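Reader: Could you walk me through the terms people use when they describe a protein model like this one? I would like to see what stands behind each word.

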Amino acid sequence: MRPSPSAPSPRRVLLALVGVLLLLVTACGSSSNAPDQDAARDAGSDSDEGDTADDGPIRLTDARGEVVLDEPATDVVTLDFTYTEMVLALGVTPVGVADVGFYRDYVHQDPPLPEEGVTDLGLRSEPSTDRIRSLQPDLIITTTLSLPQVDVLEGIAPVLFFDPSTLDDPMAEMRSTFATVGAALGRDAEAEAVLAELDERLESGRREITDAGLDGTEIVVAQGVGSIEAPLFRLFTDRSLIIQVATEIGLANAWDGPASDWGYTDSTLEGLTQVGDAWFLAIALDEHVDAFEETYASSPVVQNLPFVQNGRFRALGGDAWPWGGPRSAIHLVDRFVTVLEDA
């Protein structure tokens, strides 16, 4: 049994679509084409009573091969949202983070990034290597899109490079990466505990979906880039973390378009007519509603979309980050369950 449609209201249409239109490229992941991640770092370090690695070198595997650390890292720089989230989830506060403002806007913060004691390193696409060097980190974590800067970065500290962009199983990659980051920080036990929490939430989320009669409900998840004048949509495919989360709790992805790197298909506003009457779930910031309403409230294209006419649209919220770590995945389960149970 699937949620029955209700009469659409213009305001709810706008809420569902606005964030999809207005998440600018710089906010959605200019450095990753998608994607990222005690008011001071000492709070994360001084509370380090978790599992630490045995004495001796720590041997890790990243997207390029083996990385060896002499000891667990404590002063960590993260250059993508995913790794900022992962380090925080392990109980460590990074000393430097790229795109601090956008991280706070677009990534569910559990735990939050401290307001003080974290150096903003600039854009993920162009982090300040001078600022990174001034922090004297003992580890830098980033994506392979930072490879053009590899010589500079490795001249500062050991670097872990990861590449979640082209894999067919992003959930497995996320789990493996999180375990590797945990090992790098000497927090293997904490990593195992967080991954166990994710497994428990996926299981309970599937029970909630089944108990609500929503098993097999067809959805399309969308995010947008560009500007309000030239909107472009990202419709997520089966080769994306956010859809893998959805299917693991019993939902069905109705979008089968070709997958680019990062697991989505680009679409114009007119292309949304292909979505049909599946539930359209938008990653949307409420603050963008007014701007979209002014431009598109009376648009025949919007009003004639099947999911608009059938009332099958909901907002997942602006902080439903589709390329995150375990905490983002747990938050996505919460959002999927909540918006569909309330439908």
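**What stands behind the words**

Author: Let's begin with a pair of helices, keeping in mind that this is a predicted model. On the H9 side, Val194, Leu195, Glu197, Leu198, Arg201, Leu202, Gly205, Glu208 and Ile209 touch Pro326, Arg327, Ala329, Ile330, Val333, Asp334, Val337 and Glu341 of H14. Sorted by class, this contact holds 10 nonpolar, 1 polar and 6 charged residues.

Reader: What makes H9 and H14 roughly parallel to each other?

Author: Look at the angle: the axes of H9 (residues 188–211) and H14 (residues 326–341) cross at roughly 15° and come within 9 Å. Angles under 35 degrees count as roughly parallel, and therefore H9 and H14 get that description. Their crossing is left-handed.

Reader: Why is H4 called oblique to H8?

Author: Helix H4 (residues 81–89) packs against helix H8 (residues 170–184) at about 55°, and their axes lie 10 Å apart. An angle under 35 degrees would be roughly parallel, and 65 to 115 would be roughly perpendicular. The angle of about 55° fits neither range, so H4 is oblique to H8.

Reader: Which residues make that contact between H4 and H8?

Author: H4 brings Tyr83, Met86, Val87 and Ala89, while H8 brings Met174, Thr177, Phe178 and Val181. By class there are 7 nonpolar residues, 1 polar and no charged ones. H4 passes H8 in a right-handed crossing.

Reader: How do you know whether Gln244 is buried or exposed?

Author: Its relative accessibility is 13%. Buried means under 20%, so Gln244 counts as buried. Gln244 lies in helix H10 (residues 241–248). Leaving out residues up to four places away in sequence, Gln244 touches Asp168, Asp169, Pro170, Met171 and Asp238.

Reader: What covers the story of the strands? For instance, which residues of S12 are buried on each side?

Author: In strand S12 (residues 279–282), Trp279 and Leu281 are buried on one side, and Phe280 and Ala282 are buried on the other. Both faces of S12 are therefore covered. In a regular strand, side chains alternate between the two faces of the sheet.

Reader: How do you know that S12 pairs with S13?

Author: Pairing needs at least two bridges, and 3 bridges join S12 to strand S13 (residues 313–315). The two strands run parallel. Within this pair, Ala282 stands opposite Ala315 of S13.

Definitions and conventions:
Residues numbered from 1 in each chain as written. Predicted model: local features only at pLDDT ≥ 70, side-chain atom pairs only at ≥ 80, totals over all residues. Heavy atoms only, no water. Axes fitted to C-alpha atoms, helices over the stretch in contact; angles between N-to-C directions. Helix = DSSP H or I, 4+ residues; strand = E, 2+ residues; numbered from the N terminus. Parallel < 35°, antiparallel > 145°, perpendicular 65-115°, else oblique. Left-handed = near helix turned anticlockwise from the far one by under 90°. Contact = heavy atoms within 4.5 Å. Nonpolar A, V, L, I, M, F, W, Y, C, P; charged D, E, K, R; others polar. Buried < 20%, exposed > 50% of the residue type's maximum accessible area, 1.4 Å probe, protein only.
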